[in-house]
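Biologist: I should like to go through this structure with you, one question at a time. Please give your reasoning before each answer.

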Amino acid sequence: MQRTLPHKVKEVCAIKLARLGSVMIRPATVDDLGAVLELWAEAAENENRPADTHAALAALHLRDPGALLLAVDGNEIVGSVIAGWDGWRCHLYRLAVAPSRRRQGIGRRLIEAAEERFRALGGTRADAMVLDNNTGAHGAWSAAGYRRQAEWSRWVKPLLR
Ligand SMILES: CC(C)(COP(=O)(O)OP(=O)(O)OC[C@H]1O[C@@H](n2cnc3c(N)ncnc32)[C@H](O)[C@@H]1OP(=O)(O)O)[C@@H](O)C(=O)NCCC(=O)NCCS
């Protein structure tokens, strides 16, 4: 039977029940956004990319409230990933885990939660942009089943006003 959109939304909301020990994966709320920026300043890949701003993050949350997934332990945000679905493709951004919480399976669980979201929305393939020199990230993406596509490169143009 074809799933209706409300069913899919319920499936996406079910992601927040996923647990890894005391760590829970759930969609971000507007109140989380400041703490997410603090996490990214400390924990994310910050080379060769535009700076993060609260306005940009709020715009993402407004457009797609389920896209920003967080790993939380109590009141502490210990990891993040953006599971971006544009209706056509599934793109992963801002996978980051707090330095003191790495190699505990949190990154893997965030990727799995993002993939659950994509499947619920009808996505068939996910991709991530990863710097060539970020060998730690290569390990995490490889462990989750992702493979580098050597035949593609990224073409970029800044949209300045
Ligand atoms: C990449 C990152 C998100 C991984 O998060 P994590 O919670 O430590 O990853 P997990 O514990 O779920 O690791 C799962 C598996 O991935 C692989 N892996 C994770 N980190 C790795 C590393 N630094 N080097 C090699 N392999 C690694 C391992 O196979 C690991 O399984 P194991 O611990 O049983 O050996 C984290 O290191 C991080 O935040 N890095 C800085 C930000 C970043 O580079 N993000 C990616 C942007 S593309």
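Modeller: One definition is useful at the outset: Ala, Val, Leu, Ile, Met, Phe, Trp, Tyr, Cys and Pro count as nonpolar, Asp, Glu, Lys and Arg as charged, and the others, Gly among them, as polar. Please note also that this is a predicted model.

Biologist: With those classes, how do the residues of the shell around the ligand divide?

Modeller: The ligand is surrounded by 21 residues, and the closest are Arg102, Gly107, Arg108, Gly136 and Gly139. Sorted by class, the shell holds 11 nonpolar, six polar and four charged residues.

Biologist: Which element supplies the largest share of the shell around the ligand?

Modeller: At least two residues of the shell come from each of β5 (90-97), α4 (106-121) and α5 (135-143). The largest share is five residues, and the element that supplies it is α5.

Biologist: How is the protein as a whole laid out, and in what order do its elements run from the N terminus?

Modeller: The protein has five helices and six strands. Of its 161 residues, 25% count as buried. Among contacts with a separation of 6 or more, 60% join residues 24 or more positions apart. From the N terminus on, the order is α-β-β-α-α-β-β-β-α-β-α.

Biologist: What is the average pLDDT of the protein, and over which residues does pLDDT stay under 50?

Modeller: The average is a pLDDT of 90, and 88% of the residues score at least 70. One stretch with pLDDT under 50 has one contact beyond four places in sequence, namely residues 1-7. Another stretch below 50 has 15 contacts in the model beyond near neighbours in sequence, namely residues 9-17.

Biologist: Which residues form the covered face of strand β2?

Modeller: In a regular strand the side chains alternate between the two faces of the sheet. Strand β2 (residues 23-27) has an uncovered face with Met24 and Arg26. The covered face of β2 consists of Val23, Ile25 and Pro27.

Biologist: Which residue stands opposite Met24 in β3?

Modeller: β2 pairs with strand β3 (residues 68-73) in the antiparallel sense, over five bridges. Opposite Met24 in β3 stands Val72.

Biologist: Let us turn to β5. In which sense does β5 pair with β4, and in which sense with β6?

Modeller: Strand β4 (residues 76-85) and β5 share six bridges, and their sense is antiparallel; here the bridge partner of Gly79 is Val97. Strand β6 (residues 126-128) and β5 share three bridges, with Ala128 in β6 as the bridge partner of Leu92. The pairing is therefore antiparallel with β4, and with β6 it is parallel.

Biologist: What is the handedness of the β-α-β unit that β5, α4 and β6 make?

Modeller: The strands of this unit, β5 and β6, pair in the parallel sense. The unit that β5, α4 and β6 make is right-handed.

Biologist: Which residue takes a positive phi in the hairpin of β4 and β5?

Modeller: The hairpin has four residues between the strands. A phi near 95 degrees is found there, and the residue that takes it is Gly87.

Biologist: Most residues other than glycine have a negative phi. Is Arg94, with its positive phi, buried or exposed?

Modeller: Phi of Arg94 is near 55 degrees, and the residue lies in strand β5. Six of the eight residues of β5 are buried. Because 24 other C-beta atoms lie within 10 Å of Arg94, against a cut-off of 20 or more, Arg94 is buried.

Biologist: Is Arg103 buried or exposed?

Modeller: Arg103 is found in the loop between β5 and α4, and its phi is likewise positive, near 60 degrees. Because Arg103 has 11 C-beta neighbours inside 10 Å, and 12 or fewer is the cut-off, Arg103 counts as exposed.

Biologist: Finally, in helix α5, how do Ala140 and His138 stand in terms of burial?

Modeller: Both Ala140 and His138 have their place in helix α5. The C-alpha atom of Ala140 is separated by 9.4 Å from that of Ile111, 29 residues apart along the chain, while the C-alpha atoms of His138 and Arg148, 10 residues apart, are separated by 8.7 Å. With 20 C-beta neighbours inside 10 Å, Ala140 reaches the cut-off of 20 and so counts as buried. His138 has 15 other C-beta atoms within 10 Å and is therefore partly exposed.

Note on methods
Residues are numbered from 1 along each chain as its sequence is written. This is a predicted model: local features need pLDDT of at least 70, side-chain atom pairs count only at pLDDT 80 or more; totals for chains, interfaces and linings use all residues. A residue is near a molecule or strand if its C-beta atom, placed from the backbone, lies within 6 Å of it. pLDDT is the predictor's confidence in each residue, from 0 to 100. Two residues are in contact if their C-beta atoms, placed from the backbone, lie within 7 Å. Two strands pair if DSSP finds at least two bridges between them. A crossover is right-handed if, with the strands pointing away from the viewer, the path from the first strand over the helix to the second runs clockwise.
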